[in-house]
Amino acid sequence: MAKAVKTIGVLTSGGDAPGMNAAIRAVVRTAIHEGLKVKGIMRGYAGLLQEEIVDMGSTSVSDIIHRGGTILYTARCMEFMTPEGQEQGAEICRKHGIDGIVVIGGDGSFRGAGKLAALGINTIGVPGTIDLDVACSDYTIGFDTAVNTAMVAIDKVRDTSTSHERCSIIEVMGRKAGYIALWCGFANGAEDILLPERYDGDEQMLINRIIDNRKRGKKHNIIINAEGIGHSASMARRIEAATGIETRATILGHMQRGGTPTCKDRVYASIMGSKAALLLAAGKSNRVVAYRHGEYMDLDIQEALSMKKDIPEDQYEIEKMLVR
Ligand code: ADP
Ligand code: F6P
């Protein structure tokens, strides 16, 4: 039996991602279109527990679609991982008349959303993370912008790497996932990619390839190292010692999480945000909006969280083939 929802909240949680603002805008405007009231919950679950809750209207989301970050701010909140924190969160929702929430974030945020749903607050998750590591969805808000930002930065490092005939280890974000590294491997024509899902720690193989590349006349040697492997600086020192080739490490860091969202991130985030608000308006709860096999859909949160995804083996093999 669908529960009638009159007022919904929206929050962003976990790491921010370019395109989150487009999603917030879509949630707010769709909900208003459906006759619902909307409240913005600041700073994710932390802001919920602190009752940082503001009324939102159509104009509160004007002039944000092109901006990186999230106007609602974001946070990670340990307190919300406890049953007491979750019960308090649900109680605060009831106090403020919030009977549905759109949670924009990654798997961790969806776990929190599932807990709120079990406590009677209708919840819908929207995948927002630059890491692309939400198993139920082929797309997550912010990934497209982040890989484009990383690609442009890596091109610049490549210029100086070529001039100095150096080896460069460039570390990209992704937490435990290697999607950003894989995509930059393709897009930047890197000589090597090190993905947490595949790297076996065989540094001698890496060194042999660098030496071989130099013998074949390659001027630079770009290695994209995923954050999940890390240790780029010490790796650079060992490579330089073993090969005699000057080696530098560059950690791209948080620059990958900011900046103007790409067209794709704005459009997909808008559609997903809108679909999330429509699901709440239809009385649905405990769902995640996903993009799978070329279609938008929604799945049960627990089902979504039980899914697994991995780097596609064929893509990994093709990437390696193209750099030889
Ligand atoms: P992401 O949503 O990007 O995966 P995190 O894993 O950091 O990011 O999770 C964001 C927040 O979601 C956490 O700080 C916490 O408040 C909440 N969260 C994560 N896991 C749980 C859980 N098992 N139960 C309740 N809330 C959780
Ligand atoms: O999940 C997004 C992400 O940027 C990861 O790629 C990275 O591991 C993490 O967040 C960094 O978190 P923080 O901003 O807390 O340093």
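1. Gly-106 offers a polar backbone atom 2.9 Å from an oxygen atom of ligand 1. That is a polar contact (a pair of N or O atoms within 3.5 Å; within protein, one must be able to donate a hydrogen and the other to accept it, and residues adjacent in sequence count only if both atoms are side-chain atoms). Gly-108 also uses a polar backbone atom, at 3.0 Å from a ligand 1 oxygen. Ser-109 uses its side chain: an N or O atom there is 2.5 Å from an oxygen atom of ligand 1. On its own, ligand 1 exposes 560 Å², and the protein buries 87% of that. Accessible areas come from the Shrake-Rupley method with a 1.4 Å probe; for residues, only the protein chains shown count as cover.

2. A word on the basis. This is a predicted model, in which local features need pLDDT of at least 70 and side-chain atom pairs count only at pLDDT 80 or more, while totals for chains, interfaces and linings use all residues. Residues are numbered from 1 along each chain as its sequence is written, chains are lettered from A and ligands numbered from 1 in the order written, and side-chain values use heavy atoms, with hydrogens and water left out.

3. Which residues come nearest to ligand 1? They are Arg-76, Cys-77, Gly-106, Gly-108 and Ser-109, out of 16 around it. A residue counts as near when one of its heavy atoms lies within 4 Å of the molecule or strand.

4. Ligand 2 has Arg-76 among its surrounding residues, along with Asp-131, Glu-227, His-254 and others. The Arg-76 side chain places an N or O atom 2.7 Å from an oxygen atom of ligand 2. Asp-131 has a polar side-chain atom at 2.7 Å from a ligand 2 oxygen. For the side chain of His-254, the distance from an N or O atom to an oxygen atom of ligand 2 is 3.0 Å. Alone, ligand 2 has 400 Å² of accessible area, and the protein covers 76% of it.

5. Asn-21 sits in helix H1 (residues 20-33). Helices (H or I, at least four residues) and strands (E, at least two) are DSSP runs, numbered from the N terminus. Is Asn-21 buried or exposed? It is buried, with a relative accessible area of 2%. The cut-offs are under 20% for buried, over 50% for exposed and partly exposed in between (1.4 Å probe, protein chains only). The Asn-21 side chain reaches two backbone atoms: the oxygen of Gly-68 at 3.3 Å and the nitrogen of Ile-71 at 2.7 Å.

6. Ile-251 belongs to strand S9 (residues 247-251). It counts as exposed, at 55% relative accessibility. Its C-alpha atom is 5.8 Å from that of Ile-170, although the two are 81 residues apart along the chain.

7. Strands S10 (residues 287-292) and S11 (residues 295-300) run antiparallel, joined by six bridges. Pairing requires at least two DSSP bridges between the strands. Ala-290 stands opposite Met-297 of S11. Two residues lie between the strands of this hairpin, where His-293 takes a positive phi near 50°.

8. Phe-186, Ile-318, Met-321 and Leu-322 make a nonpolar surface patch of about 400 Å². Patch residues have over 30% relative accessible area and no salt bridge; like charges are joined within 9 Å, nonpolar side chains (Val, Leu, Ile, Met, Phe, Trp, Tyr) within 5 Å. A salt bridge is a side-chain nitrogen of Lys or Arg within 4 Å of a carboxyl oxygen of Asp or Glu. Helix H11 (residues 313-322) gives the most to the patch, with three residues. Leu-322 is found in H11 and counts as exposed at 57% relative accessibility.
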